[in-house]
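Dear colleague,

I am handing over the structure we spoke about, with the sequence alongside. Please have it open while you read the notes underneath.

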Amino acid sequence: MYTIYLVEDEERLRKVLLMYLEKEGYRAKAFSNAEEALLHLNDKVSLWLLDITLPGIDGIELLKKIRDHDCEVPIIFTSARDSEMDRVIGLYVGSDDYVTKPFSVNELLLRIKNILKRVYKDEATQISHGTHTIDLNKRTVFNKDVEVYLTSKEFDLLDFFIKRRQKAISRDEILNLVWGEDYYGTDRVVDDTIRRLRKKMVDFNIETIYGYGYRLL
């Protein structure tokens, strides 16, 4: 699953974009300013979506800091300023695309999809696990020729374990990274979702580490 980080100071637009990104199946996180985003430079991010006119540290300076940390991650600028010079500056400093506000969310999603496909075209999207074939991009699972229907959160958890195979993971870590830091339920939801996943994918061997968490064998 691709992870997209959004930095946008306009609250309404930030919430709308976050909703659409999550609806498209991306793991998304939103920040209202660059200072918040800079605390997450060590996160594994597939694409950054930056407003160019942020309060405090602006989008251009934020891009430079991201580029200093990761010179390859794709970045898209959004801006209410529709001038050729702004576009040139945005592309010159290293953005992969520049979208002028107001923009069509569907067009933005298409641009994101195309950039991700271009940048990560060599990454394997299909994984075999036992008798199952898992497509991480299409978010589909087949057991031989029969499709296994997973809920969105079940697939998120499946994807999470696949990318951390053989690693012991605590319940708290699973809860924070799959459900998010803003989730206010208990870690019981982790056990319940794993139970459903085991039932639907019988050869998906998730080992219980009592008193700690789980590990995919």
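Below is what was found, beginning with the chain as a whole and then turning to one pair of helices and one residue.

Please keep in mind that this is a predicted model. The protein chain has 217 residues, of which 44% are buried, and its secondary structure comes to 8 helices and 12 strands. Taken along the principal axes, the C-alpha atoms fill a box of roughly 55 × 35 × 30 Å. Of the contacts in the chain with a separation of 6 or more, 53% are between residues 24 or more positions apart.

The helix pair is α1, residues 11-23, and α5, residues 105-119, whose axes come within 11 Å and cross at roughly 50°; the two helices are therefore oblique to each other, and their crossing is right-handed. On the α1 side the contact is made by Leu17, Tyr20 and Leu21, while α5 contributes Val105, Leu108, Leu109 and Ile112. Sorted by class, this contact has 7 nonpolar residues, with no polar and no charged ones.

The single residue is Asp97, which lies in strand β5, a strand that covers residues 97-100. Asp97 counts as buried because its relative accessibility is 17%, and the cut-off for that term is under 20%. The side chain of Asp97 also makes a polar contact, at 2.9 Å, with the side chain of Arg111.

With best regards

Note on methods:
Residues numbered from 1 in each chain as written. Predicted model: local features only at pLDDT ≥ 70, side-chain atom pairs only at ≥ 80, totals over all residues. Heavy atoms only, no water. Helix = DSSP H or I, 4+ residues; strand = E, 2+ residues; numbered from the N terminus. Buried < 20%, exposed > 50% of the residue type's maximum accessible area, 1.4 Å probe, protein only. Polar contact = N/O pair within 3.5 Å; in protein donor to acceptor, adjacent residues only side chain to side chain. Axes fitted to C-alpha atoms, helices over the stretch in contact; angles between N-to-C directions. Parallel < 35°, antiparallel > 145°, perpendicular 65-115°, else oblique. Left-handed = near helix turned anticlockwise from the far one by under 90°. Contact = heavy atoms within 4.5 Å. Nonpolar A, V, L, I, M, F, W, Y, C, P; charged D, E, K, R; others polar.
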